[in-house]
Amino acid sequence: MYWLDKITEKFSRQVANNTSRRHLLKRIGLTLAGGAAVPLLPVARAADTGGGSGYHGVAPQTSDNPAADPGDPASCDYWRYCAVDGFLCSCCGGTHVSCPPGTGMNPMTWIGTCKNPADNLNYIISYNDCCGKTSCSRCLCNNNVGDTPPYRAFSNNDINWCVGMENSTIYHCTTAIILGVATETN
Amino acid sequence: MKRAILGLMLGFTCTVSLAELPVETIPNVETLPASYPDTWVYAHDTNFFSLSDAKVVLIDVAAENRNYKGSIPSSHFPSFLAATTRPEVYVAESLYSRRMRGERTDLVTNYDKVNLAPVGEVVLPGAKRGMIVTHKNTLQFLDNEKLLLVYNFTPSTSVSVVNIENRAFLAEVGIGGCVMIYPSQQRSFGSLCNDNTMLVTHLDEKGMISKQERTPAFFDADTDPIFAKPAVIDGVYYFPSFKGMVHPVDMNAADPGMLDAWSLLQEQDRQENWRPGGWQITTAHEASGRLFVLMHPDGEDGSHKGGGTEVWVFDVDAKKRVGRIVLKEWGVSIEVTKGEHPYLAVTNGNMDMDVYSVDTGEWLRFIGGRAFETPFILHASR
């Protein structure tokens, strides 16, 4: 999401004074002209050029099985994040499949379908939110491939999916957990 | 002689600079008029980076300075609505007794427009208030602003009905998995459903369901979903779709009339794949029958919330585009003020506000300085 690129810039400019507005706009323009199939954040492109995870001050990570599950779970362009909306738990004391200490993982959530570039299979991804502490605020990431309006709630990423948590519905961060390989029917 | 003149000038200067200032009053707190000018806009700041500390900031978009008029606190995916029949505004929010934990309280808080201070509240039972990145249609009036409706999501969906004049909770009515609140001009409201229909709920004076039925399907969420964020002109809701159709629904009568859909796009627009996109993607200037839609080229799956480079202006009677406003900065949410010479307020990609003249399309001013963190929804004073 292009404007999220700019929010990211807004909140990281204290540590990244070398990123000028003009530079940012230029990069957005390049994105538009390129018509990328999946919105690529400028931060992600920074990663492509050796700039780390793409978030200033966040070092890159790998999954437990980088060959079969490639990419950086602390980067917004990690393949599982194709329909994520929120702060990446990988940057917040958890991982892409676990919540940070002291939070609670909501089993009820929204799902997306993302293609793994390693095997070209589409996987159903469950974006379980971690709840009970204030916004992590780190590694904000929003991609909307397959996102639907809230009348199709379980594929909508605007809803606070800490809904129904007994102790606290305060949103903290989001994971991206494989539920299975998608078939034609699902 | 020169020295004498210089001495005289210095003496005069000293006399002026040493003039004693009057004693000033403490405490001293500003107040606002009970009725706001048309040029004031409520910027609803969800504050995604600290959701428990959201707020609504009141901005005069016509003013070059002192345009931050005041603010209202709100918490955790709150909803906001301003009355037009009395000097009050309302915040629906959720609070925990130990801030992040403890007992949850959902409530509507009444604020008076003069002091922006709380003057009453209605506690909502059941801890069901729907939490979603801010939408206008999660808090709406009905029955000439006597009833206030609050959207619930658990994920079962329902609506809490409040008599806001008496500040009393009346009832909870189920809406069968459908979402949002689109009031008619009568005592009924619509909600969008996943089978492409609108569920219409009729209430009696006590807020109980008197009738509930579904319209025929009027859009296709599989091929071209409609946004749940319409603009309203003369009681007709205009729902844009992801791919650039508009589905009008006439809500003047108690039962809606589904009007013919029409396209926002001309042939060249289709070739360039222009689409609506952003957060608050539509707004309207009712007096002139103009609909405004935030647009972007090169649309694709997932670009529907990405914002846009232009605001397109449509005459809804002619179903025709009558203007294009090219934005100075990337836009995310748009709102048009009422009045003869309206302003276009835009939440830009930096989460600051740009202001344009609707008459000329000219960019007028920028309102920033971290007045807000993530002002996703803008409400023009009505």
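In what sense, parallel or antiparallel, do strand S10 and strand S11 of chain B pair, and over how many bridges? In this predicted model, strand S10 (residues 157-163) and strand S11 (residues 168-174) of chain B run antiparallel to each other and are joined by six bridges. Within this pairing, B:Val162 of chain B has B:Phe169 in S11(B) as its bridge partner. Four residues separate the two strands of the hairpin, and B:Arg167 adopts a positive phi near 55° there. On the N-terminal side, the loop between strand S9 (147-153) and S10 of chain B holds B:Pro155, which is linked to B:Thr154 through a cis peptide bond with omega of about 20°.

The confidence values of the prediction were examined for the complex and for chain B. The predictor assigns the complex an ipTM of 0.92 and a pTM of 0.89. For chain B, the mean pLDDT is 95, and 96% of the residues reach 70 or more.

Chain B comprises domain 1 (75-217) and domain 2 (220-377), whose C-alpha centres are 25 Å apart. Contact between the two involves 21 residues of domain 1 and 16 residues of domain 2. On the domain 1 side, strand S12 (179-183), strand S13 (188-192) and strand S14 (198-203) of chain B each contribute at least two residues. By residue class, that side of domain 1 consists of eight nonpolar residues, twelve polar residues and one charged residue.

The largest nonpolar core contains 142 residues, and within this core B:Val150 and B:Leu344 touch the most other members. Because domain 1 (75-217) and domain 2 (220-377) of chain B both supply residues to this core, the core lies between them. Nonpolar side chains tend to be buried together in soluble globular proteins. When neighbours within four places in sequence are set aside, the contacts of B:Val150 are B:Ala92, B:Val108, B:Leu124, B:Arg129, B:Leu139, B:Val159, B:Ser160 and B:Val162. One of these contacts, B:Val162, is also the residue bridged to B:Phe169 in S11(B).

Several loops of chain B show further backbone features. A second cis peptide bond, with omega of about -5°, connects B:Ile26 to B:Pro27; B:Pro27 is located in the loop between helix H1 (2-17) and strand S1 (40-45). Positive phi values also occur at residues other than glycine. B:Arg66, in the loop between strand S2 (54-60) and strand S3 (68-74), has a phi of about 45°. This arginine, B:Arg66, is exposed, with 7 other C-beta atoms within 10 Å. At B:Asn196, phi is near 75°, and the residue belongs to the loop between S13 and S14 of chain B. B:Asn196 is partly exposed, with 18 other C-beta atoms within 10 Å.

Chain A, which has 186 residues, contains three helices and eight strands. The order of these elements from the N terminus is α-α-α-β-β-β-β-β-β-β-β. Of the residues of chain A, 51% count as buried. Among contacts in chain A with a separation of 6 or more, 66% are between residues 24 or more positions apart. The interface between the chains brings 39 residues of chain B into contact with 40 residues of chain A. The chain B side of this interface is made up of 23 nonpolar, eleven polar and five charged residues.

Conventions: Residues numbered from 1 in each chain as written. Chains lettered and ligands numbered in written order. Predicted model: local features only at pLDDT ≥ 70, side-chain atom pairs only at ≥ 80, totals over all residues. Domains from an automatic or database assignment. Contact = placed C-beta atoms within 7 Å. Nonpolar A, V, L, I, M, F, W, Y, C, P; charged D, E, K, R; others polar. Buried ≥ 20, exposed ≤ 12 C-beta atoms within 10 Å, placed from the backbone. pLDDT = per-residue confidence, 0-100. Core = buried A, V, L, I, M, F, W, Y, C linked by C-beta atoms within 7 Å. Pairing = 2+ DSSP bridges.
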